[in-house]
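Biologist: I am new to this structure and would like a close look at a single part of it, taken slowly. Please have a look at what follows, and then I will put my request.

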Amino acid sequence: MSTFTINIRQETPLDHAAVFELIEQAFANIEYSDHKEQFLVERLRKSEAFVPELSLVAEVDGAIVGYILVSKLSIKNQTSSVESLALAPVAVLPEFQQKGIGGQLIRKAHIIAQELGFKSIILLGHAEYYPKFGYQALHTFSITYPFDVPKENVMAIELEKGSLSNVFGMVEYPKEFLE
């Protein structure tokens, strides 16, 4: 197995074209994809939900091979709104998949999100993959999801222990997710 050094850093505007292509390639053969994740990222970068510190690239030998975006969302009920985060997307070039790069991006995003004071992250993703990083089914909390998807694919992580225990309501994504 070849070894390589992975550098994870905050994305800059100079990375946008490479990230667009990377996401397009990473999701090209994914069955449960609308193949438009790269356009979602472009919309989110211009939105109030965007957190620049949580738009990360993974580089190998100076080339971008992975990307993760974690942006703001809300959990709302009739009387309150709690800020949380959405992890979408995490993408790795096909030839670099299965090498731990996605996991490194997820762990780094968790650390930065905690440093920024965020307490939880919600995602829609592979039921077998994300629990490795501490995610658990959203339905184990008092939180509902606005879309009809298999419940095992909607997950959350408490970056601060107990941060979702008294939260109830519906996940509300920024409008950019719905365009």
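Biologist: In which loop is glutamine 98 found? Please describe that residue and then its surroundings with care.

Modeller: Keeping in mind that this is a predicted model, glutamine 98 is found in the loop between strand β4 and helix α3, the latter covering residues 101-115. Its backbone deserves a look, since phi of glutamine 98 is near 65 degrees, which is a positive value in a residue other than glycine. As for its setting, glutamine 98 counts as exposed because its relative accessibility is 81%, and exposed here stands for over 50%.

Another loop can be read alongside this one: aspartate 61, which is not a glycine, has a positive phi of about 50 degrees, and its place is in the loop between β2 (55-60) and β3 (63-76). Aspartate 61 is exposed, with a relative accessible area of 78%.

Going back to β4, the strand that borders the loop of glutamine 98, we find proline 89 within its residues 81-92, and the peptide bond that leads from alanine 88 to proline 89 is cis, with omega near -5 degrees.

Elsewhere in the chain, helix α1 (residues 16-27) and helix α2 (residues 37-45) have axes that come within 8 Å and cross at roughly 145 degrees. In their contact, residues of α1 including Phe20, Ile23 and Phe27 meet residues of α2 including Phe39, Val41 and Arg45, and the residues of this contact divide into 6 nonpolar, 2 polar and 4 charged.

How values were computed: Residues numbered from 1 in each chain as written. Predicted model: local features only at pLDDT ≥ 70, side-chain atom pairs only at ≥ 80, totals over all residues. Heavy atoms only, no water. Helix = DSSP H or I, 4+ residues; strand = E, 2+ residues; numbered from the N terminus. Buried < 20%, exposed > 50% of the residue type's maximum accessible area, 1.4 Å probe, protein only. Axes fitted to C-alpha atoms, helices over the stretch in contact; angles between N-to-C directions. Contact = heavy atoms within 4.5 Å. Nonpolar A, V, L, I, M, F, W, Y, C, P; charged D, E, K, R; others polar.
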